[in-house]
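Here's a walk through one fold, sheet by sheet and helix by helix. Keep the viewer open and follow along.

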Amino acid sequence: MSTSSAAPAAPAGPGHSPSDFRAAAHQAADLLADYLTELPARPVWQPMPDAARERLLALPLPEQGRPLAELLDDISEEVLPYPMGNGHPRFFGWVNAAPSPAGVLATLAASAMNPSTAGGDHADVHLERTVVRWIAELVGYPAAPGGGLLTSGASMATIVALGAARARAAQRLGVDVREQGLAALPPLTGYVTGETHSCVRKAAQLLGLGSANLRTVATDADGHLDLDALRAAVAEDRAAGRAPFRVVGSAGTVNSGAVDDLEALAGFCAEEQLWFHVDGAYGAFGRLDPASAHRFAGLELADSLALDPHKWLGVPVDCGCLLVRDPAQLRATYSLVPSYLRDDAAGDLGWFSEYGIEQTRPFRSLKVWATLAALGRAGVAASIARCCELARLLGELVEAEPDLELLAPVETSIAAFRFAPAGVAQERLDAVNQALPVAVQQRGQAFVTGTVLHGREAARACLLNPATTEADLKLLVQEVLAAGRELLAR
Ligand SMILES: *Cc1c(COP(=O)(O)O)cnc(C)c1O
């Protein structure tokens, strides 16, 4: 029988000592600084060469380990050359920002500590409470202690908020939804518009509420929820024995950046005792632009507000945030503390894991802290205002081109438009505009994405990068015209 007392083998082979880590970390710093510096001179995006894509897809699970330094070579050769394109000053697709350099550094530090920010008494937990308060202060939402948490994104924030709204509505109807489920309830009915983000529908489906109980309320010509239509729908549903329980307002729609009349919606929801949720994932930070701030009046009255620091703030993905007026409602919905997780040191607020769905939670707050600390409130506000100004300018450039049509007023930092030369049939225009975003992307000079707005195929450009210049916008317009004319000629 072996009685060997030799230490267990190190988990990895050569190239993993503390000094190897230090050397590799220095090498990584240079690699990433080069990457970020050289990005603006590259094509915005290019399709991956087939061979490079195949190499990544076919990577075998390695049997033996390799030195840290070699891994960086692989990242440099096989990964960094093929980015999504966000980060480039002419990337205007979806709502994907350039990463804040401070946030990039903080990501490394946070992963070196690697806590679970579920709760307890460590720096990450306290910092999360502070950055949640900072985010609330930035957008002018009341910051109740415990009244919010960071999430993977606004989709998760929406699920968490909707779960609380569902629990409150059920409670008012005498049902404990956690215990009894939905069977004993009349149809809990929610209200959105055709411009509401799809994550709201997904959340309703997931929570067992059913898409059929999500009413799509009409909008005005510019995509704002029509309050009279909402009023009529709620009255009709009550008369039919349904249980209206919440309304979703948009603080910046994803198609055109439209902001609903939040103050009027909040007033209506208070009268009708409905939960008022505001989706500010993309747009809520637009309140920091002095020229746009007035549009957001009433945001502070929402029962819940979903935002995405990983969008306009440039916090590296992932980082969403949920803010709520009544933290007790969140805790009543989600707190479930088994004996192995009891922690007497947690204090009155308890654990973050009692306010949402995740148990083991990442240290997201450090990259939020770093991003905001690096710029300050004034720097963030200047960057937001710059993006809005650029979007308004793009709107003007579009309107000045006879072959382009602006499809909605620029209310925040999104311009929605289409290629529409005179004398071309609508059907043909729709076909051309549907193909347009990819045609622009493939030219490599600028990146826009498409959507359908007012039933018409459209392109949309979302301005999130204050490093974008007026020349970049002019180039975008030229690229759109060139791609449109090419498509039309086919
Ligand atoms: C991005 C977005 C969402 C979804 O947020 P994720 O962070 O992608 O989960 C919801 N609403 C709007 C308006 C958005 O722009």
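Ala416 sits opposite Arg460 of strand E11. Since this is a predicted model, read that pairing as a computed one. The two strands involved are E9, covering residues 414–419, and E11, covering residues 456–462; they run antiparallel and are joined by 4 bridges.

Step back a little and you'll find the sheet they belong to. It is an open one with 4 strands in the order E8-E9-E11-E10, and the pairing is antiparallel. At its edges are E8 (404–406) and E10 (449–453), each of which pairs on one side only. Ignoring direction, neighbouring strands here are turned by 40° against each other on average.

What packs on this sheet? Helix H12, residues 365–400, does, touching E8, E9 and E11, and its direction makes about 135° with that of E8. Helix H14 (residues 470–489) also lies across E8, E9 and E11, and it runs at about 30° to E9.

Now for the other sheet. This one is open too, with 7 strands in the order E1-E7-E6-E5-E4-E2-E3, and its pairing is mixed. Strands E1 (148–151) and E3 (214–217) stand at the edges with a single partner strand each, so one side of each has no neighbour in the sheet. From one strand to the next, the twist averages 20°.

Inside that order, E4 (residues 243–250) and E5 (residues 275–280) pair in the parallel sense, over 5 bridges. If you want a spot to zoom in on, try Val248, whose bridge partner in E5 is His277. In general, strands of a sheet pair through backbone hydrogen bonds, either parallel or antiparallel. A helix joins the picture here as well: H9, residues 227–239, lies across E2 (188–193), E3 and E4, running at about 165° to E2.

Last stop, a pair of helices. H1 (residues 18–38) packs with H3 (residues 68–79) at an angle of about 15°, and their axes are 9 Å apart. Angles under 35 degrees count as roughly parallel, and therefore H1 and H3 are roughly parallel to each other. Their crossing is right-handed. On the H1 side, the contact is made by Asp20, Phe21, Ala24, Gln27, Ala28 and Leu31, while H3 brings Leu68, Ala69, Leu72, Asp73 and Ser76. Sorted by class, the contact of H1 with H3 comes to 7 nonpolar, 2 polar and 2 charged residues.

Terms used. Residues are numbered from 1 along each chain as its sequence is written. This is a predicted model: local features need pLDDT of at least 70, side-chain atom pairs count only at pLDDT 80 or more; totals for chains, interfaces and linings use all residues. Side-chain values use heavy atoms; hydrogens and water are left out. Two strands pair if DSSP finds at least two bridges between them. Axes are lines fitted to C-alpha atoms, for helices over the stretch in contact, and angles run from 0 to 180 degrees between N-to-C directions. Contact means heavy atoms within 4.5 Å. Angles under 35 degrees count as roughly parallel, over 145 as roughly antiparallel, 65 to 115 as roughly perpendicular and the rest as oblique. A crossing is left-handed if the near helix is turned anticlockwise from the far one by less than a right angle, and right-handed if clockwise. Ala, Val, Leu, Ile, Met, Phe, Trp, Tyr, Cys and Pro count as nonpolar, Asp, Glu, Lys and Arg as charged, and the others, Gly among them, as polar.
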